[in-house]
There are 2 protein chains.
Amino acid sequence: MLDTAPQTYTRADEAFDCLQTAIVKGDLAPGDKIGELDLCSRFDLTRGPLREALGRLESRGLLVRRPHAGVRVVSLSTTELVELYRIREIMEGLAARQAAERMTDQEIADLQATLDAHETMIDEAHGQAYYQAEGDYDFHHRIATGSRNTKLAQMLLGDLYYMVRMYRYRLSTSAGRPHRALGEHRRIVEAIAQRDGELAEFLMKRHINAARENIEKKIQEGVLTI
Amino acid sequence: MLDTAPQTYTRADEAFDCLQTAIVKGDLAPGDKIGELDLCSRFDLTRGPLREALGRLESRGLLVRRPHAGVRVVSLSTTELVELYRIREIMEGLAARQAAERMTDQEIADLQATLDAHETMIDEAHGQAYYQAEGDYDFHHRIATGSRNTKLAQMLLGDLYYMVRMYRYRLSTSAGRPHRALGEHRRIVEAIAQRDGELAEFLMKRHINAARENIEKKIQEGVLTI
DNA sequence: AAAGCCCGGATTGTTGACAATCCCGCGAGT
DNA sequence: ACTCGCGGGATTGTCAACAATCCGGGCTTT
C-alpha cells in the first residue's frame, strides 16, 4: 500500500480539533468556564483523550487551567490583543522576506491566482466580510508556509492565527478595508515575485500595522468591547 | 491560611517539568525514541499524567509523535537551528524595545546587578562556560518578562529558549565569546536604562545575529555536528 | 447586619485494566 | 540471494472506576 500520508487519526486529535474550532468559531466564548463532562457529552468523547487535548490547548495559550478548579477559555485584554499584532508584525515580516527568497515560481503563481479569486469574491459579495476574512487567512497561511522556516510557520499557524481568528469574528472586518487590504496583498505578492525580500518585509509589516491601527481605533470608539 | 500562591502541583505538571529538563540537559538526546513505560518507571509516574505531559511537549515542538508508533525527541537539522536564531533575532529585538519602554527602574537596577554578578563569575571561572550559559539565559529571561508582552514572553520562555538550550550544551560557548557577549549585554542594558527602545532593539538584534554567525561558523568548520 | 467558618456535593486528578495498532523477525517465492 | 508478505509480541490508545480537592450555601459570631 502506498498510503503513507494520513496514518491514523486518534481520538485526542479529534478532541483537539473540535475544541480548537469551537473556540475559534465562538461556540466557546472567552472566559467561559467549561466542565470536562460537558465537553465529553458534547463531542462524544471520554475524559482520557479529552484531557490530553486540554493539555495541548493550554500549552498553546488558548485555555487557562487552574488545578482542581476547572478550565476556562482564555480572555485577552485589549492591550494583549494589540500586543499580539505587534508580534504578528515582525513575524509575518520575516515570513514575507524569507518567502520572497524561497517560494517556487509555481507557489507564487498560485498565490496570485488566490488573490484573483479573492477579488471576485469581494466584488460579488458586497460587505460579506466572511469570505474576506477567510481569504485573508488563506493569504497569510501561504506566505507562512512559503517561508520554508519550519518553526516560524509552526508558531504562526499553530499559535498566533488561531488566537487572532478567535477575536476577529467580532469586529467583522470594517467596510472599507477589504479593498484596501487586497491592494496591500497585491503589492506584497509583487515584491515576492520580484524576489525583493526587503520590500516584501516592509510592506507586510506595514500591512499588519494598518490592521492593528484599525483595531485600536475601533477599541477607542467603543465599537469593540472585550 | 494565606497561601494563595502555589495552588497545587499536579502530577502532569511534574511529568512535564521532568521531561522538559531531561530533554534540555541532554539526558534524552534528539532523535531518541522513548517508550511510555520507560518514562513511567524512570520518573515514577503513571501513564495518564504522562500522556498529558507528552501532549503539551508535542504541542511545543520538543517532541514529535506518530500515532501508535511512539514518541521521539525532536531533532533539528542545522538549517532549522539557524532559522531558530532568525526568529529569536526579531522577537528578542521587539522584547528589548518594549522592555526599554516599560521596565521599572528597579528592574533595570536588578538587571545591571545581574550583569555584575556574571562578570565576576566569568573572571573567576576561566572557560567555565556553563555559568556563562546560565547567566546568558538569565539576562534574556529578564528582558523577555520586562517587555510586559504576555504572549511574547510566553513564546520566548516557553518555546524558543528550551529549544535553544537543548542544543547549546553541545557547542559550549566558544572561548572568546563570553567577554564579548557580556559587553554586548552591557550596552543593551545601557540603552534600556536611557529608555532608548530603538537602540535597544538594534543592539539586541545584532547581539543575536552575532551568536547565529558564531554557530554557522562552527557548523561549517565541522565542529558542531548534529 | 455583615463577615468568617464549615460541611456537603460536584468536579477534577489519578489509577489500572482492556482493546487496537504498529514494528520486527521469519518463512516463502522469484 | 534478495524481496515480499505475514504473524507474534510489544507498545500505544482508550476506557471506566477510585481518590483528592475545590466551590457554594447555611450557620455562627461580633
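Colleague: Which helices each supply at least two residues of the surface near DNA strand C?

Modeller: A residue is near a strand of DNA if one of its heavy atoms lies within 4 Å of it. Here α3 (47–60) of chain A does so, together with α1 (11–25) and α3 (47–59) of chain B; helices are DSSP runs (H or I, at least four residues) and strands likewise (E, at least two), numbered from the N terminus. α3(B) gives the most, with 3 residues. This is a predicted model, in which local features need pLDDT of at least 70 and side-chain atom pairs pLDDT 80 or more, while totals for chains, interfaces and linings use all residues. Residues are numbered from 1 along each chain as its sequence is written, chains are lettered from A and ligands numbered from 1 in the order written, and side-chain values use heavy atoms, without hydrogens and water.

Colleague: Which residues are closest to DNA strand C?

Modeller: Of the 20 that surround DNA strand C, the closest are A:R47, A:R51, B:R11, B:T46 and B:R66. A polar side-chain atom of B:R66 lies 2.5 Å from a phosphate oxygen of the strand, and one of B:T10 lies 2.8 Å from a phosphate oxygen; a polar contact is a pair of N or O atoms within 3.5 Å.

Colleague: Which side chains of β3 in chain B are buried?

Modeller: In a regular strand the side chains alternate between the two faces of the sheet. In β3 (residues 70–73), B:V71 and B:V73 point to one face and are buried (under 20% relative accessible area, 1.4 Å probe, protein chains only). B:G70 and B:R72 point to the other face and are not buried.

Definitions and conventions. Buried < 20%, exposed > 50% of the residue type's maximum accessible area, 1.4 Å probe, protein only. Polar contact = N/O pair within 3.5 Å; in protein donor to acceptor, adjacent residues only side chain to side chain.
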